[in-house]
Amino acid sequence: MRKKEMSAYRLIRYYGFSSNTIYRLRHNQGISTTLLDRLCLLLNCNVEDIIEYIPSGQAEP
């Protein structure tokens, strides 16, 4: 968001994001794929630019 000069205020005020959504983004909580789609469209980027998958543990063999 910094690279695109997009603030949380702008997301809420002009693009209709809720303050709860901003809270969830800032605290690494789950978000919907619809929200990811909206962010990618708005920021003109790919999903990989927004999220990173970090496994919580190793799978048992």
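Let's start in the middle of this predicted model. Its largest nonpolar core is built from ten residues: Met 6, Ala 8, Leu 11, Phe 17, Ile 22, Leu 35, Leu 39, Cys 40, Leu 43 and Cys 45. Two helices, α1 (8–15) and α3 (33–43), each put at least two residues into this core. Of the contributors, α3 gives the most, with four residues. The general background will be familiar: in soluble globular proteins, nonpolar side chains tend to be buried together.

Since α3 gives the most to the core, that helix deserves a closer look. Its buried residues are Leu 35, Leu 36, Leu 39, Cys 40 and Leu 43. They sit on the same side of α3, because they cover an arc of only 135° around the axis. The spacing follows a familiar pattern: an α-helix has 3.6 residues a turn, so residues three or four places apart point the same way. Now turn the helix over. On the face pointing away from the buried side you'll find Thr 34, Asp 37 and Leu 41, which are exposed. And what lies over the buried residues of α3? The cover includes α2.

Follow α3 to Leu 43, and you can see how this part of the helix meets the start of the chain. Leaving aside residues up to four places away in sequence, Leu 43 touches Met 1, Lys 4 and Met 6. Glu 5 belongs to that story too, in the segment before α1. The C-alpha atoms of Glu 5 and Leu 43 are 9.4 Å apart in space, although 38 residues separate the two in sequence. Is Glu 5 buried or exposed? Glu 5 counts as exposed, because its relative accessibility is 65% and the cut-off for that class is over 50%.

Step just past α3 and you reach Asn 44, in the segment after that helix. Here the backbone does something worth pausing on: Asn 44 has a positive phi of about 55°, although it is not a glycine. Asn 44 is also exposed, with a relative accessible area of 65%. There is another such spot in the model. Asn 28, in the loop between α2 (19–26) and α3, has a phi near 55°, again a positive value in a residue other than glycine. Asn 28 is exposed as well, with a relative accessible area of 73%.

While you're in that loop between α2 and α3, have a look at Ile 31, which is found there too. Ile 31 is partly exposed, at a relative accessible area of 27%. Which residues does Ile 31 touch, not counting those up to four places away in sequence? They are Arg 24, Leu 25 and Leu 36. Asn 46, by contrast, is a fair way off: Ile 31 and Asn 46 are 16 Å apart, C-alpha to C-alpha, with their positions 15 residues apart in sequence.Moving back along the chain, Asn 20 is found in helix α2. Asn 20 is partly exposed, with a relative accessible area of 47%. From Asn 20 to Ser 32 is twelve residues in sequence and 13 Å in space, C-alpha to C-alpha. Ser 18 is found in the loop between α1 and α2, and at 35% relative accessibility Ser 18 counts as partly exposed. The C-alpha atoms of Ser 18 and Asp 37 are separated by 16 Å, and the two residues are 19 apart along the chain.

That leaves the largest pocket, which holds about 840 Å³ of space. It is lined by 23 residues, and the closest to its centre are Leu 25, Leu 39, Asp 49, Ile 50 and Ile 51. Helices α1, α2 and α3 are the elements that give two or more residues to this lining. Which element gives the most to the lining? That is α2, with four residues. By class, the lining has 13 nonpolar, three polar and seven charged residues. Leu 39 ties the picture together: this residue of the largest nonpolar core is also one of those closest to the centre of the largest pocket.

Notes: Residues are numbered from 1 along each chain as its sequence is written. This is a predicted model: local features need pLDDT of at least 70, side-chain atom pairs count only at pLDDT 80 or more; totals for chains, interfaces and linings use all residues. Side-chain values use heavy atoms; hydrogens and water are left out. A nonpolar core is a set of buried Ala, Val, Leu, Ile, Met, Phe, Trp, Tyr and Cys residues joined through side-chain atoms within 4.5 Å. Buried means under 20% relative accessible area, exposed over 50%, partly exposed in between (1.4 Å probe, protein chains only). Contact means heavy atoms within 4.5 Å. On a 1 Å grid over the protein atoms alone, a cavity is a set of points where a 1.4 Å probe fits but cannot get out, and a pocket is an open set with protein on both sides within 12 Å along at least five of seven lines; lining residues have an atom within 4 Å of a point. Grid points are joined across faces, edges and corners, and a volume is the space filled by probe spheres set on the points. Ala, Val, Leu, Ile, Met, Phe, Trp, Tyr, Cys and Pro count as nonpolar, Asp, Glu, Lys and Arg as charged, and the others, Gly among them, as polar. The arc is that of the directions from the helix axis to the C-beta atoms.
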